[in-house]
Amino acid sequence: MAGISLRGISKTYGGTRALRGLDLDIEDGEFFVLLGQTGAGKTTTLRLIAGLEKPTEGEIYIDGQNVADWNAAERDVALVLQQYSLYPRLSVRGNLEFPLKSKVRNFSSDEIERRVNKAAETLQITKLLDRKVERLSGGEMQRVSIGRAIVREPRVFLMDEPLSALDAKLREALRVELKKLHTELKATFLFVTHDQVEAMSMGDKIGVLNRGKLVQVGTPAEVYHNPCNTFVARAVGSPPMNLFDARVAGGQMEIGSVKVPVGANGTALDGRDLTVGVRPENIRLENGAPVSARVFDIEDHGVVKILTMQVGEDKVHATVPAKTVVRLDETVQFGWQPEKTLLFDRQSGTNISTQ
Amino acid sequence: MAAVQTTSERALNKVAIISVLIVTIIFLAPIYWIVSTSFKPRHLATTVPPTIVFEPEISPFVKLTLRRSQLREQPTPEEYTAAPWWERLVFDGGEKIVRSGRGEVQLSGYPSRFVNSLIIAITSTILAVAMGTITAYGFSRFKMPGEQDWLFFILSTRMLPPVVVAIPMFLMYRVVGLNDTHVGLIILYTAFNLSFSVWLMKGFIDEIPKEYEEAALVDGYTRMEAFFKVVLPEAATGIAATAVFCFITAWNEYAFALIMTRRDAQTAPPFIPSQVGSGLPDWTVIAAGTFLFLLPVAIFTFLLRNHLLRGMSFGAIRK
Ligand SMILES: Nc1ncnc2c1ncn2[C@@H]1O[C@H](COP(=O)(O)OP(=O)(O)OP(=O)(O)O)[C@@H](O)[C@H]1O
Ligand SMILES: [Mg+2]
């Protein structure tokens, strides 16, 4: 078991800067999720920690030790990839045994057998053991990939979007299993994904990565309720946070032609260009509320309905109780509680609500 | 796909089958000719039109492998009955087997040429494929300055027609004493096949996801072990295809073998036609020599056919 620290990590490929000045601390036994869009540098981060790539700048510490000169084998981490992590020539058992048969590990054949069986049991793939990998379904393959990682009982698990190729149902099932596995193994997990639902539901902590820079680190709740800028605000939450251009004048917030009251420290912001963020679930439909809108789309999710409303040129999302009666193209009025809004500087996108 | 074939589809199918049959017959005819001639009695070999139906004999193969000379006088009946069956076949053809002072039969030039061919082709194939695979792996997996230029340079060694360099090579080989040696031809054929082997293997290795090796590296294997345990098995098809091509080139090579070798290291290709000129050509013996010469390539290709079929789609790694 071990924590991971990255200090000032930069990685440049030719002219591409994949990572810029990354500082990251992952505690021993933590389930850390790195969230970022495609090209954000997630895979690069994992490859650097695994030792498959050398950083252009900065240091990596595993369990407090600088691992700059350690090769991949010595770092004792396990890597689960999105694809291609199983050998098509080998059976499931062959694949699970492969990491144990390396000379550096030097396990007896009894020990190998015991570990393979235990991993297979944990992941419920015992009856697949003698199958050819080629014949497995996507979900089974990913289980075996995870099995390949856990047989070694490594200090750190690195997972590169292991679930993204699976369908929604399987993804959910494996999500739960991975969490369970984490609790059982008490190992450090660094899990990479571009799916914010995955990040929110699995992470003890989330790190949001934007074009090679770490924007915010925090618990899912912190990141959700207090995003440090508009990028993070957009990146987490489904449907995403509503963001409007706004201006504060005379204790009133002007959003287009609409005026709403500002929260407590409103007057300090007089005259500044702002972006206001409101989570969809904080939007209330009410007769007489300040904003009028036309219902553009209704998604019924059973417990809730997600409305898309058109206000002028903008689309606004609202999550309302399922029993709310609305029809398409109906005109509705909505508002929100001022204290449930977030304020961002429009230029820099920085969250200034708490200042 | 329609489960039921229409009449026109069926007719089309028949036409296709018949065309394939005709083409196959045209292609196989020369091979049949050689094989059948190698089992004919001598007087049937050159009949016009060719004899199709005949009683096959083994005598051409006996004559091919044993040293013999023209009969001056017929053997006495005692001699004839005392001789083993294969010697009688030679008597029947108007020749006798040359024996040493101790009465032992002697081999003709053919068996040693055949063995030379095997030694040289197999060794040079192993060398070219092994070096080609390692080089291709390097090019495929590591960045190096001027990578494209190096690859082009390697290919450019094939651009000069071999005949152009034959005479200079001969002169250089004479200086270093490599003329008419196995090593000489092995070096030559290896160099000749290497560029081809590098290019072909690079294509195959590029197709193997590098994630396979990286998984092994993280699992605690060295790069060398990852290469042998992960890359090589995945590249087996490519290796088989490359080996067949290299073997065929080395086995069939004629021009250099003709110039560079005389006896000790002479291969079969320059030897077989040289027999045409000595005395009256016995076409059945030449056909027998050619037939045996065709076998190794056929057997080698047949053994590797499963790999080849997959290899011919050039990569297309199944996930
Ligand atoms: N070997 C490489 N050579 C050149 N550029 C690279 C290399 N690997 C990554 N990059 C670049 O670095 C950036 C980050 O890539 P990375 O693979 O880490 O992104 P990612 O967050 O994993 O994206 P995805 O979600 O698509 O997997 C990208 O712009 C990518 O093009
Ligand atoms: Mg990636």
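The exercises below work through the domains, the chain interface, the ligand site and some backbone features of a predicted model.

Residues are numbered from 1 along each chain as its sequence is written, and chains are lettered from A and ligands numbered from 1 in the order in which they are written. Because the model is predicted, local features need pLDDT of at least 70 and side-chain atom pairs count only at pLDDT 80 or more, while totals for chains, interfaces and linings use all residues; side-chain values use heavy atoms, with hydrogens and water left out.

**Exercise 1.** Describe how domain 1 and domain 2 of chain A meet.

*Solution.* Begin with the bounds, which come from an automatic or database domain assignment: domain 1 of chain A covers 4–235 and domain 2 covers 242–345. Their centres, taken over C-alpha atoms, are separated by 39 Å, and the contact (heavy atoms within 4.5 Å) takes 9 residues from domain 1 of chain A and 6 residues from domain 2 of chain A.

Next, consider the buried area, that is, the accessible area (1.4 Å probe) that two parts lose on being put together, summed over both. Between these two domains of chain A it is about 610 Å², with carbon and sulfur atoms giving 61%. On the side of domain 1 of chain A, A:Tyr224, A:Thr230 and A:Ala233 lose the most area to domain 2, together 65% of what that side buries.

Finally, count the polar links: there are 0 salt bridges (a side-chain nitrogen of Lys or Arg within 4 Å of a carboxyl oxygen of Asp or Glu) between the two domains of chain A, but 2 residue pairs are in polar contact, both residues at pLDDT 80 or more. A polar contact is a pair of N or O atoms within 3.5 Å; within protein, one must be able to donate a hydrogen and the other to accept it, and residues adjacent in sequence count only if both atoms are side-chain atoms.

**Exercise 2.** Characterise the interface of chain A and chain B.

*Solution.* First take the extent: 25 residues of chain A are in contact with 19 residues of chain B, and the area buried between the chains is about 2000 Å², of which carbon and sulfur atoms give 57%.

Then turn to the pairs, where 5 salt bridges are counted between chain A and chain B; in one of these, the side chains of B:Glu225 and A:Lys103 meet at 2.6 Å, N to O. The rule also finds 13 residue pairs in polar contact across this interface, both residues at pLDDT 80 or more.

**Exercise 3.** Which polar atoms of A:Thr38, A:Ala40 and A:Glu161 approach ligand 1?

*Solution.* Among the residues surrounding ligand 1 (a heavy atom within 4 Å) are A:Thr38, A:Ala40, A:Lys42 and A:Glu161. For A:Thr38, a polar side-chain atom lies 2.5 Å from an oxygen atom of the ligand. A:Ala40 instead offers a polar backbone atom, 3.2 Å from a ligand oxygen, and A:Glu161 has an N or O atom of its side chain 3.1 Å from an oxygen atom of ligand 1.

**Exercise 4.** Where do the cis peptide bonds before A:Pro239 and B:Pro49 lie?

*Solution.* As background, most peptide bonds are trans. The bond from A:Ser238 to A:Pro239 is cis, with omega near -10 degrees, and A:Pro239 lies in the loop between H9 and strand S11 (242–249) of chain A. In chain B, the bond from B:Val48 to B:Pro49 is cis, with omega near -5 degrees, and B:Pro49 is placed in the loop between helix H1 (7–37) and helix H2 (59–65). Helices (H or I, at least four residues) and strands (E, at least two) are DSSP runs, numbered from the N terminus.
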